[in-house]
Amino acid sequence: MIQKTIENWHELLKTKDVAGLDAILHDDVVFHSPVVHTPQKGKQITTLYLAAAFNVLNGDDFKYLREVIGGQEAVLEFQTVIDGITLNGVDMISCDENGLITDFKVMVRPLKAVNLIHQKMGEMLAALGKAS
């Protein structure tokens, strides 16, 4: 079931279709940010974080390097460049039996990239918050 969800995820990233997240996120999804200590719970807040990530991380240099998929779990390693800093990370995604994402964890390295993501995501979340 997760294979189709990951295919949908790739399409949403390619088209930057934030509205499409509604069809693949479980209502009680939990989002784990690399820069926020507390897990964020619920579709609305997860959509906000992923919308910000679509804008901050998903630029021309963004690419997935490899994927490990099994059962209802997937780990997707990605790389991008932001402000001249190469960022490497993983998306760890879990789905329910219906293919809805129940858990989405993002891990990023190196520290310089984490600090930059913290700044850029904060700015984007503030901008998106004002737009809603």
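**A walk through the predicted model**

Leaving aside neighbours within four places in sequence, Gln-40 is in contact (heavy atoms within 4.5 Å) with Val-29, Val-30, Phe-31, Ile-45, Thr-46 and Tyr-49. Gln-40 belongs to strand E2, residues 40-41, where helices (H or I, at least four residues) and strands (E, at least two) are DSSP runs numbered from the N terminus. With a relative accessible area of 16%, Gln-40 is buried, a word that stands for under 20% relative accessible area, while exposed stands for over 50% and partly exposed for what lies in between, with a 1.4 Å probe and protein chains only. A polar atom of the Gln-40 side chain also lies 2.7 Å from the backbone oxygen of Thr-38; a polar contact is a pair of N or O atoms within 3.5 Å, of which, within protein, one must be able to donate a hydrogen and the other to accept it, and residues adjacent in sequence count only if both atoms are side-chain atoms.

The model is predicted, with local features needing pLDDT of at least 70 and side-chain atom pairs counting only at pLDDT 80 or more, whereas totals for chains, interfaces and linings use all residues. Residues are numbered from 1 along each chain as its sequence is written, and side-chain values use heavy atoms, with hydrogens and water left out.

The predictor's confidence in each residue, pLDDT, runs from 0 to 100, and the protein chain averages 91, with 97% of the residues scoring at least 70. Confidence is highest in strand E1 (residues 25-32), at a mean of 98, and lowest in helix H3 (residues 111-131), at 78. Where pLDDT is low, the predicted coordinates should not be read in detail.

Helix H3 also enters the description of the largest pocket, to whose lining H3 gives the most, with five residues. The volume of the largest pocket is about 240 Å³, a volume being the space filled by probe spheres set on grid points that are joined across faces, edges and corners. On a 1 Å grid over the protein atoms alone, a pocket is an open set of points with protein on both sides within 12 Å along at least five of seven lines, in contrast to a cavity, where a 1.4 Å probe fits but cannot get out; lining residues have an atom within 4 Å of a point. The lining of the largest pocket comprises 25 residues, and Phe-31, Tyr-49, Ala-53, Leu-57 and Met-121 lie nearest its centre. Two or more lining residues come from each of helix H1 (2-15), helix H2 (43-56), strand E6 (101-109) and H3. By type, the lining residues divide into 20 nonpolar, four polar and one charged, where Ala, Val, Leu, Ile, Met, Phe, Trp, Tyr, Cys and Pro count as nonpolar, Asp, Glu, Lys and Arg as charged, and the others, Gly among them, as polar. Two residues named here, Phe-31 and Tyr-49, are also contacts of Gln-40.

Within H3 sits Gln-119, which is partly exposed at 42% relative accessibility; its C-alpha atom is 9.5 Å from that of Val-35, although the two are 84 residues apart in sequence. In the loop between E6 and H3 lies Pro-110, which is joined to Arg-109 by a cis peptide bond with omega about -10 degrees.

Strand E4 (residues 73-82) holds Thr-80, which is buried at a relative accessible area of 2%. Not counting residues up to four places away in sequence, Thr-80 touches Leu-57, Asp-61, Phe-62, Ile-85, Thr-86 and Leu-87, and its side chain reaches the backbone nitrogen of Phe-62 at 3.4 Å. In the loop between E4 and strand E5 (85-95) is Asp-83, a residue other than glycine with a positive phi, near 50 degrees, and one that counts as exposed at 56% relative accessibility. Lys-16, in the loop between H1 and E1, likewise is not a glycine yet has a positive phi, of about 55 degrees, and is partly exposed at 46%.

Two glycines in loops complete the tour. Gly-99, between E5 and E6, is buried at 7% relative accessibility and touches Met-1, Thr-5 and Ile-24, leaving out residues up to four places away in sequence. Gly-42, between E2 and H2, is buried at 14% and, on that basis of counting, touches Asp-27, Asp-28 and Val-29.
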